[in-house]
Amino acid sequence: MLWNEIQTYFRENASVFWGNLISHIELSIAAIGVALILCVPLGIWISRRLTVADYIINGINMFRVVPSLAILALAMPILGVGFAPALLALTVLACPPIIINTYVAFAKLMPVLRKRPRGWA
């Protein structure tokens with residue numbers, strides 16, 4: 001019974017579903033793209049400046065605590081409703097793991113790879 005209702009709803013609203021799915025995919029790709037463009041260079045930069053790295057990583061980690069709904073609530077009066085505030089919220093939430101993982105890769109892993117044994121080609 002419930003399954004039949006789900007199928008009927010999907011048949012009647014398939015165009016809305018596919019349109020929203022495409023919008024969601026575009027938003028997700030845009031947010032990850034912006035976060036990568038901003039955070040990979042920052043992660044590489046802080047991996048070479050270890051005195052600054054702790055301050056930046058701790059500052060960025062504060063954004064992990066803030067829920068996406070709060071970011072949306074703060075962005076909506078300035079950016080309005082729609083794609084832009086959602087892009088901002090998703091970008092802010094994507095930044096901490098990208099910066100931290102880039103920092104770890106370049107600060108911790110690269111020295112190990114440079115000292116690899118000569119037999120590794």
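The following dialogue examines how several descriptions of this predicted model are justified.

Student: What is the mean pLDDT of the protein, and which helices have the lowest and the highest mean values?

Tutor: The mean pLDDT of the protein is 86, and 90% of its residues reach 70 or more. Among the elements, helix α4 (residues 68-79) has the lowest mean, 82, and helix α2 (residues 14-47) has the highest, 94.

Student: Why is α1 called roughly perpendicular to α2?

Tutor: Helix α1 (residues 2-12) packs against α2 at an angle of about 75°, the two axes being 4 Å apart. Angles of 65 to 115 degrees count as roughly perpendicular, and therefore α1 is described as roughly perpendicular to α2.

Student: Which residues meet where α1 packs against α2, and how do they divide by character?

Tutor: From α1, the residues are F10, R11 and E12; from α2, they are A14, F17 and W18. The contact divides into 4 nonpolar, no polar and 2 charged residues. Arg and Glu count as charged, whereas Ala, Phe and Trp count as nonpolar.

Student: How do you know that C39 and C95 do not form a disulfide?

Tutor: The sulfur of C39 is 3.1 Å from its closest cysteine sulfur, which belongs to C95. A disulfide requires the two sulfur atoms to lie within 2.5 Å, so the separation of 3.1 Å is too far for a bond. From the side of C95, the closest cysteine sulfur is that of C39, again at 3.1 Å. The structure holds 0 disulfides.

Student: What makes C39 and C95 count as buried?

Tutor: Buried means under 20% relative accessible area. C39 has a relative accessibility of 2% and therefore counts as buried. C95, at 13%, also falls under that limit, so C95 counts as buried.

Student: Where does T91 lie, and is T91 buried or exposed?

Tutor: T91 lies in helix α5 (residues 83-114). Its relative accessible area is 7%, so T91 is buried. Not counting residues up to four places away in sequence, T91 touches A31, V34 and A35.

Student: Why is L72 called partly exposed?

Tutor: L72, in helix α4, has a relative accessible area of 24%. Buried requires under 20% and exposed requires over 50%; the value of 24% lies in between, and therefore L72 is partly exposed.

Student: Which residues does L72 contact, and how many Å separate the C-alpha atoms of L72 and L21?

Tutor: Leaving aside neighbours within four places in sequence, L72 is in contact with P85, A86 and A89. The C-alpha atoms of L72 and L21 are separated by 20 Å, and these two residues are 51 residues apart along the chain.

Terms used: Residues are numbered from 1 along each chain as its sequence is written. This is a predicted model: local features need pLDDT of at least 70, side-chain atom pairs count only at pLDDT 80 or more; totals for chains, interfaces and linings use all residues. Side-chain values use heavy atoms; hydrogens and water are left out. pLDDT is the predictor's confidence in each residue, from 0 to 100. Helices (H or I, at least four residues) and strands (E, at least two) are DSSP runs, numbered from the N terminus. Axes are lines fitted to C-alpha atoms, for helices over the stretch in contact, and angles run from 0 to 180 degrees between N-to-C directions. Angles under 35 degrees count as roughly parallel, over 145 as roughly antiparallel, 65 to 115 as roughly perpendicular and the rest as oblique. Contact means heavy atoms within 4.5 Å. Buried means under 20% relative accessible area, exposed over 50%, partly exposed in between (1.4 Å probe, protein chains only).
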